[in-house]
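Colleague: I should like to learn how to read charged side-chain pairs in a model. Would you take me through the general idea and then the case at hand?

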Amino acid sequence: KPGGGTSWAKKMEERSLRRQVLLQERALNEDIAAEKRAERQRIAEKRARREKNRSESGKLQAISDPRKIKKMSKKQLRNIRTADTTGVAPVDKGAGREVVAKASKRPPPSKKGGK
C-alpha cells in the first residue's frame, strides 16, 4: 500500500506491550482488592471482639418480675438485654434466657442526715 501503514512486526510489538500493561494493571487491582478484603475482615473481627468483651465485662442483674419492666423509663429500657444466664446452650428456644439489665454504677444512697 502506498502511503505507509504499520508493519506486522510493529503491530505485534504494540499488542504484546498492551497485554503486559493489562496484566500489570490486573495484578495491581488484585493486590488492592486483597488489601481491602483483609481490612474488612480485620474490622469485622475487631467489632465482634469488642462486642464480646462488652457483653462479658458488664455486671448484669436479672429482672425476674416483669412488672418492673413496665414501670421503667425509656432510658432504663435502653439498657435491658435478653441474655443467657445459665452458661449452657438451651435445648429449647426459651429455656435459660432471662431479661437482664446493667447494674447501675451509682453508689448506694448515703445515710447522712441521721433521721
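Modeller: Let us start inside a helix. Arg-42 and Glu-39 both lie in helix α1, which spans residues 8-57, and because they are three residues apart, about one helical turn separates them. Please keep in mind that this is a predicted model.

Colleague: What do the side chains of Arg-42 and Glu-39 form?

Modeller: In general, side chains of opposite charge can pair when their charged atoms come close. Here, Arg-42 and Glu-39 form a salt bridge, with an N to O distance of 2.7 Å.

Colleague: How many salt bridges does a search of the whole structure find?

Modeller: The search yields three. Another of them joins Arg-54 to Glu-51, with 2.8 Å between the closest N and O atoms. Arg-54 and Glu-51 are likewise three residues apart in helix α1, so about one helical turn lies between them.

Colleague: Which residue forms a salt bridge with Asp-65, and at what N to O distance?

Modeller: The partner is Arg-67, at 3.3 Å.

Colleague: Is Arg-67 buried or exposed?

Modeller: Arg-67 has a relative accessible area of 59% and is exposed, since the cut-off for that class is over 50%. Its partner Asp-65, at 25%, counts as partly exposed.

Colleague: How are the residues of the helical pairs classed?

Modeller: Arg-42 is partly exposed at 43% relative accessibility, and Glu-39 falls into that class at 37%. Arg-54, at 38%, is partly exposed, as is Glu-51 at 42%.

Note on methods
Residues are numbered from 1 along each chain as its sequence is written. This is a predicted model: local features need pLDDT of at least 70, side-chain atom pairs count only at pLDDT 80 or more; totals for chains, interfaces and linings use all residues. Side-chain values use heavy atoms; hydrogens and water are left out. A salt bridge is a side-chain nitrogen of Lys or Arg within 4 Å of a carboxyl oxygen of Asp or Glu. Helices (H or I, at least four residues) and strands (E, at least two) are DSSP runs, numbered from the N terminus. Buried means under 20% relative accessible area, exposed over 50%, partly exposed in between (1.4 Å probe, protein chains only).
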